[in-house]
Amino acid sequence: MQIWVDADACPKVIKEILFRAATREHVHITLVANQYIKHPQSKYLHAMQVPAGFDVADNKIVELANAGDIVVTADIPLAAEVVAKGAHAIDPRGELYSKETIGQRLSERNFMHDLRSSGVQTAGAAVLDQRDRQAFANQLDRLLARLSRL
């Protein structure tokens, strides 16, 4: 099992939770981004810098992720692609995407995109708060525990 992180937009506090989990659970994590991502020295932590460009990091994650891997992303289309491959996708706020839920989330995302494209002002995402960080940490722990039993 490998954890892939869509690291360009991943909040620092979420990366710190992941760094601790890598050491504690002995799981390899790769941060994929189009810029250098600073991370602690560890045999479990790796950074992969991809060229700049639209969806380059997302496409690399889709290419490399395997069934059973975990992908951390807030990008709904990326989550949909990796879930279709049999990987697990988790949002930095702790939402675990599944084959049963990803279609609805993708529809909602596309609807909001269409609204914004037509000029409707929509609120952005709320600031990541302590409850979100705790939800992410709890969901990650549950997922790692479940996958380690397989």
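A residue counts as buried here when its relative accessible area is under 20%. Threonine 30 comes in at 7%, so it is buried. Keep in mind that this is a predicted model.

**Around threonine 30**

Threonine 30 sits in strand 2. Its side chain makes a polar contact of 2.7 Å with the side chain of glutamine 2. Setting aside neighbours within four places in sequence, threonine 30 is in contact with Gln2, Ile3, Trp4, Val5, His46 and Met48. Strand 2 as a whole, residues 28-33, is mostly covered, with five of its six residues buried.

**The strands on either side**

Strand 1 (residues 2-6) pairs with strand 2 in the parallel sense, and five bridges hold that pairing. Along this seam, isoleucine 3 stands opposite isoleucine 29, and valine 5 stands opposite leucine 31. To get from strand 1 to strand 2, the chain passes through helix 1 (residues 12-25), and the resulting β-α-β crossover is right-handed.

Strand 2 also runs parallel to strand 3 (residues 45-49), again with five bridges between the two. Here valine 32 of strand 2 has methionine 48 of strand 3 opposite.

What about strand 1 itself? Five of its five residues are buried. Gln2, Trp4 and Asp6 point one way from the strand while Ile3 and Val5 point the other way, and all are buried. Strand 1 has another parallel partner in strand 4, joined over three bridges, and tryptophan 4 stands opposite valine 71 there.

**Positive phi angles**

A few residues have a backbone phi on the positive side. Histidine 26 is one of them, although it is not a glycine. Histidine 26 belongs to the loop between helix 1 and strand 2, and with a relative accessible area of 53% it is exposed, the cut-off for that being over 50%. Aspartate 55 is another residue other than glycine with a positive phi. This aspartate lies in the loop between strand 3 and helix 2 (56-64). Its relative accessible area of 31% makes aspartate 55 partly exposed. Glycine 86, which follows helix 3, has a positive phi as well.

| Residue | Phi |
|---|---|
| Histidine 26 | about 55° |
| Aspartate 55 | near 65° |
| Glycine 86 | near 95° |

**Helix 3**

Helix 3 covers residues 76-84, and its buried residues are Ile76, Leu78, Ala79, Ala80, Val82 and Val83. Aspartate 75 caps the N-terminal end of this helix, with a side-chain oxygen 2.8 Å from the backbone nitrogen of leucine 78.

**Helix 5 and what it packs on**

How far apart are the end C-alpha atoms of helix 5? They are 27 Å apart, which agrees with the 27 Å that its 19 residues (130-148) should span at 1.5 Å a residue. The expected span is 1.5 Å times one less than the number of residues, so the last residue adds no extra step.

At the start of helix 5, a side-chain oxygen of aspartate 129 reaches to within 3.1 Å of the backbone nitrogen of arginine 131. Further along, the buried residues of the helix are Asp132, Phe136, Ala137, Gln139, Leu140, Leu143, Leu144 and Leu147. These residues cover an arc of only 165° around the axis, so they are on the same side of helix 5. That buried set packs against strand 1, helix 1, strand 4 (70-72), strand 5 and strand 6 (96-97).

Strand 5 offers a residue to look at from the other direction. Histidine 88 is in this strand, which covers residues 88-90. Buried or exposed, then, at 17% relative accessibility? Histidine 88 counts as buried, because the cut-off is under 20%. Beyond its neighbours within four places in sequence, histidine 88 is in contact with Gly68, Asp69, Ile70, Val71, Leu143, Arg146 and Leu147. Among those partners, Leu143 and Leu147 are also on the list of buried residues in helix 5.

Key. Residues numbered from 1 in each chain as written. Predicted model: local features only at pLDDT ≥ 70, side-chain atom pairs only at ≥ 80, totals over all residues. Heavy atoms only, no water. Buried < 20%, exposed > 50% of the residue type's maximum accessible area, 1.4 Å probe, protein only. Helix = DSSP H or I, 4+ residues; strand = E, 2+ residues; numbered from the N terminus. Pairing = 2+ DSSP bridges. Right-handed = clockwise from strand over helix to strand, strands pointing away. Contact = heavy atoms within 4.5 Å. Polar contact = N/O pair within 3.5 Å; in protein donor to acceptor, adjacent residues only side chain to side chain. Arc of directions from axis to C-beta.
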